[in-house]
Amino acid sequence: SSGINAEWPLRPGENDLKILRYAAVMESPNPEDKNRKFIISYSLAKDEMQIYEPHQRNAGIIEGKFLEYSQVRKPGSSIDNPEYYTPADFAIGATIEVFSRKFKIADCDLYVLKYLEANGSRFPAATIESIRAIHADKL
C-alpha cells in the first residue's frame, strides 16, 4: 500500500459541496459498448463515487445511473480489509473496475486539477501530472 489513503477521509464539512468530475469510457469486448461514455462524480464529503451515462443520440442503449453514490471496493481488496477507490486512483488513462465492468478515465474538469494541486501531498504525483497534461492548453 502506498499510504495515499492515510489522510482519507478529509475533515467533515471541509468539502460538503465539492464534487470531482471525470469522463470515462467503458472498456469492453462487446462492440456495442465501444462508444459508451460515462461521467464519474466523486463526492469529497462522502468519499463516494457515482457513475452516470449521459444520453447519446441513436445509441440504442438505456442511459442513466450505472452506479448510485457509494464506496467502491478495489478488485483484490478483501471484505475484511477493504480498499476503496479515491481520486488518487483516477489518473488519466487509468482503468477502474466496478461490478466487473472496466472504465478508462479519459478526461476531467479543470477543478479536479486545481483540487489535486492544492492538496498535492494526498495524491500521487503521477496522477496529478496526467491530469495537468490534458489541461495544459487551458492553463
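The face of helix α1 turned away from its buried side carries the exposed residues Lys114 and Ala118, and this briefing on a predicted model starts from that helix before turning to the protein as a whole and to several individual residues. The buried residues of α1 are Val112, Leu113, Tyr115 and Leu116, in a helix that spans residues 110-118. Around the axis these four cover an arc of only 165°, which puts them on the same side of α1.

**Helix α1 and its partners**

- The buried residues of α1 pack against two strands, β1 (19-27) and β6 (101-108), and against the helix α2 (125-134).
- The axes of α1 and α2 come within 10 Å and cross at roughly 145°, and the crossing of these helices is left-handed.
- On the α1 side the contact is made by Val112, Leu113, Leu116 and Glu117, while α2 contributes Thr127, Ile128, Ile131 and Arg132.
- By residue class, this contact of α1 with α2 divides into five nonpolar residues, one polar residue and two charged residues.

**Overall make-up**

- The protein contains two helices and six strands, and from the N terminus on its elements run β-β-β-β-β-β-α-α.
- Of the 139 residues in the protein, 35% are buried.
- Among the contacts in the protein with a separation of 6 or more, 49% are accounted for by residues 24 or more positions apart.
- The accessible surface of the protein comes to about 8200 Å², and 50% of that surface belongs to carbon and sulfur atoms.

**Ser130 in helix α2**

- Ser130 lies in helix α2 and has a relative accessible area of 16%, so that, with buried meaning under 20%, Ser130 counts as buried.
- Once its neighbours within four places in sequence are left aside, Ser130 is in contact with Ala91 and Ile92.

**Phe38 in strand β2**

- Phe38 has its place in strand β2, where it is buried, with a relative accessible area of 1%.
- Phe38 and Ala24 are 14 residues apart in sequence, and their C-alpha atoms are 5.1 Å apart in space.
- Leaving aside neighbours within four places in sequence, the contacts of Phe38 take in Tyr22, Ala23, Ala24 and Met26, then Ile51, Tyr52, Glu53 and Pro54, and also Phe66 and Phe103.

**Positive phi in two loops**

- Asp47, although it is not a glycine, has a positive phi of about 55°, and its place is in the loop between β2 (37-43) and β3 (48-53).
- With a relative accessibility of 8%, Asp47 counts as buried.
- Phe99 is likewise not a glycine and has a positive phi of about 50°, and Phe99 lies in the loop between β5 (95-98) and β6.
- At 62% relative accessibility, Phe99 counts as exposed, whereas the loop residue Asp47 counts as buried.

Note on methods. Residues numbered from 1 in each chain as written. Predicted model: local features only at pLDDT ≥ 70, side-chain atom pairs only at ≥ 80, totals over all residues. Heavy atoms only, no water. Buried < 20%, exposed > 50% of the residue type's maximum accessible area, 1.4 Å probe, protein only. Arc of directions from axis to C-beta. Contact = heavy atoms within 4.5 Å. Areas by Shrake-Rupley, 256 points an atom, 1.4 Å probe, with all protein chains shown as cover. Axes fitted to C-alpha atoms, helices over the stretch in contact; angles between N-to-C directions. Left-handed = near helix turned anticlockwise from the far one by under 90°. Nonpolar A, V, L, I, M, F, W, Y, C, P; charged D, E, K, R; others polar.
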